[in-house]
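Biologist: Thanks for sitting down with me. Could you walk me through this model, one question at a time?

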Amino acid sequence: MKENELELDLLRKLQDLKYEYRNDIRDLDGLKSNSRDHFENLNRVKLTEAEFSRLLEQIITPDVFAAARMLREKNTLEREDGTPLDYTLVNTKDWCKNHFEVINQLRINTENSHHRDLPPAKSLTMV
């Protein structure tokens, strides 16, 4: 099975599990914007650009154990005015209110990685 077929199969299976397929998120900026919207809605807060950048630095980690811990626990971010902002990344109290989304793989190049190119836009529907 080719990588593209594998990806499409996984996307369909996740849609069957009620993940929303977001073909409009095609790059890192779109992913960040979507993440910010969900974060602000969940935590009922508006972040400044600097606060959102610090949040990303805080939550993006290659350590899967630290990432899993962040998903389960309340975390704190210092606001620009020095006050603490207690936040969560998922709704653990009312877990059924969480919304799950899936996108195609993104090309995100960093200093240390050069991932594959974006696939052409695909149209997926629920089977």
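Biologist: Let's start with the hairpin of E2 and E3: which residue in the turn has a positive phi?

Modeller: Bear in mind that this is a predicted model. Strands E2 and E3 run antiparallel and are joined by four bridges. Five residues lie between them in the hairpin, and the one in the turn with a positive phi, about 90°, is Gly82.

Biologist: And what is the bridge partner of Leu77 in E3?

Modeller: Along E3 the side chains alternate, with Pro84 and Asp86 pointing to one face and not buried, while Leu85 and Tyr87 point to the other and are buried. The partner of Leu77 comes from the buried pair: Leu85.

Biologist: Good, now to helix H3. Why are its buried residues on the same side?

Modeller: The buried residues of H3, which spans 49-59, are Glu51, Phe52, Leu55 and Leu56. In an α-helix there are 3.6 residues a turn, so residues three or four places apart point the same way. The buried residues of H3 are on the same side because the arc they cover around the axis is only 140°.

Biologist: Which exposed residues does the face turned away from that buried side carry?

Modeller: The buried side of H3 has cover that includes helix H2 (28-43), strand E2 (75-78) and strand E3 (84-87). On the face turned away from it, the exposed residues are Glu49 and Glu57.

Biologist: I'd like to hear about the largest pocket too. Which element gives the largest share of its lining?

Modeller: This pocket has a volume of about 1,800 Å³. Elements giving two or more residues to its lining are H2, H3, H4 (64-72), E3 and E4 (101-102). The largest share, ten residues, comes from H2.

Biologist: How many residues of that lining are charged?

Modeller: The lining has 45 residues, and those nearest the pocket's centre are Ser35, His38, Ile59, Leu71 and Leu89. By type, the lining divides into 22 nonpolar residues and 15 polar ones, and the charged residues number eight.

Biologist: Staying with H2, how far apart in space are Leu31 and Ile103?

Modeller: Leu31 is found in helix H2, and it counts as partly exposed because its relative accessibility is 27%. Beyond neighbours within four places in sequence, Leu31 is in contact with Ile25, Ile103 and Leu106. Leu31 and Ile103 are 72 residues apart in sequence, yet their C-alpha to C-alpha distance is 9.2 Å.

Biologist: What is the phi of Lys18, which is not a glycine?

Modeller: Most residues other than glycine have a negative phi. Lys18 is found in the loop between helix H1 (3-16) and strand E1 (20-21), and it is exposed, with a relative accessible area of 67%. Its phi is positive, about 80°.

Biologist: Is Arg44 buried or exposed?

Modeller: Arg44 sits in the loop between H2 and H3. Arg44 is not a glycine either, but has a positive phi of about 50°. The cut-off for exposed is over 50%, and with a relative accessible area of 78%, Arg44 is exposed.

Biologist: To finish with the whole protein, what percentage of its residues count as buried?

Modeller: The protein has four helices and four strands, which run α-β-α-α-α-β-β-β from the N terminus on. Among contacts between residues at least 6 apart in sequence, 57% join residues at least 24 apart. Of its 127 residues, the share that counts as buried is 28%.

Definitions and conventions
Residues are numbered from 1 along each chain as its sequence is written. This is a predicted model: local features need pLDDT of at least 70, side-chain atom pairs count only at pLDDT 80 or more; totals for chains, interfaces and linings use all residues. Side-chain values use heavy atoms; hydrogens and water are left out. Buried means under 20% relative accessible area, exposed over 50%, partly exposed in between (1.4 Å probe, protein chains only). The arc is that of the directions from the helix axis to the C-beta atoms. Contact means heavy atoms within 4.5 Å. Two strands pair if DSSP finds at least two bridges between them. On a 1 Å grid over the protein atoms alone, a cavity is a set of points where a 1.4 Å probe fits but cannot get out, and a pocket is an open set with protein on both sides within 12 Å along at least five of seven lines; lining residues have an atom within 4 Å of a point. Grid points are joined across faces, edges and corners, and a volume is the space filled by probe spheres set on the points. Ala, Val, Leu, Ile, Met, Phe, Trp, Tyr, Cys and Pro count as nonpolar, Asp, Glu, Lys and Arg as charged, and the others, Gly among them, as polar.
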